[in-house]
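Visitor: Could you take me through one part of this model up close? I'd like to start from a single residue and work outwards to whatever surrounds it.

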Amino acid sequence: MTRLALLLAALLLAGCGGPVAGQRSLNDSPEVAACRGEARRDPGVIAANRGMNFQNQNNMDRVRAEVAEAERRTFNACLRRKGLPLPGGVEARGLSRF
């Protein structure tokens, strides 16, 4: 019985191993939130969104990819300016266009 209780206690403690209390990830910081907002308000992103034709699915797919690329570029530039590390470890591949 004692062994079973010790085993259950050890399993319960092992299951509670989440992030340390008070520790925030980089994505939760106000600097990152400010960079995300700046990327959404970037004139290049806004101009790319204006090219959306909701009646043409191919156009929508292409414009969404262009908007995502423009947002990512602006977001990464903002992080670099603030001296923060860039997300991920591998540069995103561009979409191949036929």
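Guide: Let's start with Asn76, which counts as buried because its relative accessible area is 16%, under the 20% cut-off. Bear in mind that this is a predicted model. Asn76 sits in helix H4, residues 57-82, and leaving aside residues up to four places away in sequence, Asn76 touches Leu86 and Pro87.

Asn76 has company on the buried side of the ledger: the buried residues of H4 also include Met60, Val63, Val67, Ala70, Phe75 and Leu79. What do the buried residues of H4 pack against? Their partners are helix H2 (30-40) and H3.

The H3 pairing is worth a closer look. H3 covers residues 43-50, and its axis lies 9 Å from that of H4, at an angle of about 175°, so the two helices run roughly antiparallel. On the H3 side, Val45, Ala48 and Asn49 make the contact, and H4 brings Val63, Val67, Ala70 and Glu71. Sorted by class, that's five nonpolar residues, one polar and one charged. As for the spacing along H4, an α-helix has 3.6 residues a turn, so residues three or four places apart point the same way.

Now the ends of H4. At the N-terminal end, Asn56 acts as a cap, with a side-chain oxygen 3.1 Å from the backbone nitrogen of Asn58. Just past the other end, Gly83 adopts a positive phi of about 75°. In between, the length checks out: at 1.5 Å a residue, the 26 residues of H4 should span 38 Å, and the end C-alpha atoms are 37 Å apart, so the two agree.

Definitions and conventions: Residues numbered from 1 in each chain as written. Predicted model: local features only at pLDDT ≥ 70, side-chain atom pairs only at ≥ 80, totals over all residues. Heavy atoms only, no water. Helix = DSSP H or I, 4+ residues; strand = E, 2+ residues; numbered from the N terminus. Buried < 20%, exposed > 50% of the residue type's maximum accessible area, 1.4 Å probe, protein only. Contact = heavy atoms within 4.5 Å. Axes fitted to C-alpha atoms, helices over the stretch in contact; angles between N-to-C directions. Parallel < 35°, antiparallel > 145°, perpendicular 65-115°, else oblique. Nonpolar A, V, L, I, M, F, W, Y, C, P; charged D, E, K, R; others polar. Expected span 1.5 Å × (residues − 1). Polar contact = N/O pair within 3.5 Å; in protein donor to acceptor, adjacent residues only side chain to side chain.
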